[in-house]
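Visitor: I've got a structure open and a few things I'd like to ask about it. Mind walking me through?

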Amino acid sequence: KFPANDEITLKNGEKVLLPFHIYDGQSVLVGGYADLSVLTEYLKPHHVVPAPLSSNKGLVGVYIINYLDTGIGPYHEIFVMVAIKRSNSRMPDLMKTYLGLLSNYAPFLKNLLGSSAENIGFFAWKLWVDSDMALRVGHEVWGYPKTMAHINIDIRSRSTYFDVKDQNGPILRGGFERALP
């Protein structure tokens, strides 16, 4: 339906076809709460404000992706994202907050929420990849602040384990067993 027939040339002369296609892969999104004051401090240099889900908690997600087959080859990516709001907006009630965040992935929800959906979203705070091409495309095509790392991902039907390391050692690791099918 959307053929990859637009070509872009990276700074090193390599050609990449767009739109970016993902043909096969696995992913898991893990969400949780984080201390709002800590998130506020971490996000200050990026000039964004965390969306408060309570008086002292914000929402953080870790997206674990095993790209098995893409237009630029296979690679792993793990990123930490934080729910944010426009700094000058009043935060909608909690249900609208969750629906507004979901509207990033299900655009039909934006019609239900109206302008509330425009005030919240996700900020990709840290992004790690293990492919030179994914790093270059992330920087040069989309402007994402991706970082090269060694990534292990094991996504199974009932469990997920991952770790991210760089030349200085471990950065992030985790795992969990699914209780539900």
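**Charge pairs, a pocket and odd backbone spots**

Guide: Sure, and let's start with a charge pair: K146 and E77 form a salt bridge, with the closest N and O atoms 2.7 Å apart. K146 sits in strand β8 (residues 146-148) and E77 in strand β6, so the pair ties together parts that are 69 residues apart in sequence. Keep in mind that this is a predicted model.

Visitor: Is E77 in that pair buried or exposed?

Guide: The cut-off for buried is under 20% relative accessible area. Its partner K146 is under that, at 8%. E77 has a relative accessibility of 4%, so E77 counts as buried.

Visitor: How many salt bridges are there?

Guide: Side chains of opposite charge can pair when their charged atoms come close. Here the rule is a side-chain nitrogen of Lys or Arg within 4 Å of a carboxyl oxygen of Asp or Glu. R156 with D154 is one of them, the closest N and O atoms being 3.0 Å apart. By this rule, the count is four.

Visitor: In the R156 pair, which class of exposure does R156 fall in?

Guide: Exposed means over 50% relative accessible area, and partly exposed lies between that and the buried cut-off. D154 has 28%, so D154 is partly exposed. R156 has 52%, which makes R156 exposed.

Visitor: R136 forms a salt bridge with which residue?

Guide: The closest N and O atoms of this pair are 2.4 Å apart. R136 lies in helix α4 (residues 132-140), and its partner is in the loop between β1 (6-9) and β2 (15-18), so the pair ties together parts 122 residues apart in sequence. R136 is partly exposed at 22% relative accessibility, and the partner is partly exposed at 30%. That partner is E14.

Visitor: Now the largest pocket: which residues lie nearest its centre?

Guide: Rolling a probe the size of a water molecule over the atoms shows where empty space is left. In the largest pocket, that space is about 400 Å³. The lining has 17 residues, and those nearest the centre are I65, Y67, E77, F79 and Y144.

Visitor: Which strands each supply at least two residues of that lining?

Guide: By class, the lining has eleven nonpolar, four polar and two charged residues. The strands that each supply at least two of the lining residues are β3 (22-35), β5 (57-70), β6 (75-85) and β7 (120-129).

Visitor: Which residues does a cis peptide bond join?

Guide: Most residues other than glycine have a negative phi, and most peptide bonds are trans. The cis bond here has an omega of about 0°. P19, one of the two partners, is in the loop between β2 and β3. The residues joined are L18 and P19.

Visitor: Which residue has a positive phi although it is not a glycine?

Guide: Look in the loop between α1 (36-43) and β4 (49-50). The residue in question is exposed, with a relative accessible area of 74%. Its phi is about 60°, and the residue is H47.

Visitor: Zooming out, what share of the residues in the protein chain is buried?

Guide: The chain has four helices and eleven strands. Its accessible surface is about 10,900 Å², with 54% of that belonging to carbon and sulfur atoms. Of contacts between residues at least 6 apart in sequence, 52% join residues at least 24 apart. Of the 181 residues, the buried share is 39%.

Note on methods
Residues are numbered from 1 along each chain as its sequence is written. This is a predicted model: local features need pLDDT of at least 70, side-chain atom pairs count only at pLDDT 80 or more; totals for chains, interfaces and linings use all residues. Side-chain values use heavy atoms; hydrogens and water are left out. On a 1 Å grid over the protein atoms alone, a cavity is a set of points where a 1.4 Å probe fits but cannot get out, and a pocket is an open set with protein on both sides within 12 Å along at least five of seven lines; lining residues have an atom within 4 Å of a point. Grid points are joined across faces, edges and corners, and a volume is the space filled by probe spheres set on the points. Ala, Val, Leu, Ile, Met, Phe, Trp, Tyr, Cys and Pro count as nonpolar, Asp, Glu, Lys and Arg as charged, and the others, Gly among them, as polar. Buried means under 20% relative accessible area, exposed over 50%, partly exposed in between (1.4 Å probe, protein chains only). Contact means heavy atoms within 4.5 Å. Accessible areas come from the Shrake-Rupley method with a 1.4 Å probe; for residues, only the protein chains shown count as cover.
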